[in-house]
Amino acid sequence: MMLSVKDISIGYNGRMVLHDLGFTLERGQTLAILGPNGVGKTTLLRCINGMLKPKTGAVLVEGADLFGMRAGEIARRLGYVAQRSEAGRMTAFDAVLLGRKPHIHWNASVADLKKVSAALDQLDLGHLALRYIDEMSGGELQKVCIARAMVQEPSVLLLDEPTSSLDLKNQLEILRLIRHVVHEHKLAAVMTMHDLNMAFRFSDAFIFIKDGRVLHYGRNEDLTPDMIHEVYEVPVEIIQHRGQMVVFPRLERKQEQEALTGRHAHGGDFHTHNTE
Ligand SMILES: Nc1ncnc2c1ncn2[C@@H]1O[C@H](COP(=O)(O)OP(=O)(O)OP(=O)(O)O)[C@@H](O)[C@H]1O
């Protein structure tokens, strides 16, 4: 087993956020952590990365206890891409090179520099290598952070909403790249996401968290509309389109009619510009 998360209970200042949460992940698998805002998805990732210590429970990476590891070992085993990243005054190249730090003993070798260049190219960032990251767009910075986690060559990738600042093309490219890296290098990946369709398309299994607990945990083929309804309190339909599972909210009859007649939710008429 690549990653085992066992009975984690964790919170802030005595206020518990997650209770007895657990899952396992094998090599080559990607797990999507899903659930409403503020439910504790980021908290869980930060705990698996050793940044927050749980009140109870254990995290095992390839069988080794995370909370018994030194920071350097954690960094060699786990790559973490935060939801919001601090953009300091350094170039994209240097920011990605920092990902090699857990592997560098004295100075960066030619091999380290080559890995950084290759990752920048893979993420289509080659032309921005010497740009300062505090002068980058949100999406460019997000890609730099993903490149940094990749050159870290960890066993487990932890990605907190990795595509939240990316346009559609970049979302697809990044998620395909993550899937490719996970399969090719036999890693495990844990991603939090709000876009259910992207999540189910690019992961193998899911966990729905609600009210601090795992409400549903399974492989994507086990997913039902009722599970999503229960978690998000929105009725949905799931259809199969060209072998792809598509989730969409079921419109209530009244909403549907309003949408068709072009009326605002407030009841006002919707006007389009007409130059004639
Ligand atoms: N540093 C902190 N100190 C105190 N409470 C915190 C801290 N960070 C998060 N929380 C609280 O813990 C709960 C879980 O937050 P978390 O960021 O893990 O949720 P999330 O599921 O990732 O949310 P979102 O989907 O909105 O990103 C929230 O109620 C949040 O307000």
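In the predicted model, Lys186 adopts a positive phi of about 55° just after helix α6. The helix itself comprises 17 residues, 168-184. At 1.5 Å a residue these should span 24 Å, and the C-alpha atoms at the two ends lie 24 Å apart, in agreement with that expectation.

Four residues of α6, namely Ile174, Leu175, Ile178 and Val182, are buried. Viewed down the helix axis, the buried residues of α6 fall within an arc of 95° and therefore line one face of the helix. The face turned away from this buried side carries Lys169, Arg176, His180 and Glu184, which are exposed. Packing of the buried residues of α6 involves three strands, β3 (30-34), β7 (156-160) and β8 (188-192), together with the helices α5 (138-151) and α7 (196-202).

The largest nonpolar core contains 68 residues, among which Val96 and Ala147 have the most contacts inside the core. Helix α5 gives the most to this core, contributing eight residues. When neighbours within four places in sequence are left aside, Val96 is in contact with Val116, Ala119, Leu120, Val144, Ala147, Arg148 and Val151.

The ligand is surrounded by Tyr12, Val17, Asn37, Gly38, Val39, Gly40, Lys41, Thr42 and Thr43. By residue class, this shell consists of five polar, three nonpolar and one charged residue. Helix α1 (residues 41-48) gives the most to the shell, with three residues.

Terms used
Residues numbered from 1 in each chain as written. Predicted model: local features only at pLDDT ≥ 70, side-chain atom pairs only at ≥ 80, totals over all residues. Expected span 1.5 Å × (residues − 1). Buried ≥ 20, exposed ≤ 12 C-beta atoms within 10 Å, placed from the backbone. Arc of directions from axis to C-beta. Contact = placed C-beta atoms within 7 Å. Near = placed C-beta within 6 Å. Nonpolar A, V, L, I, M, F, W, Y, C, P; charged D, E, K, R; others polar. Core = buried A, V, L, I, M, F, W, Y, C linked by C-beta atoms within 7 Å.
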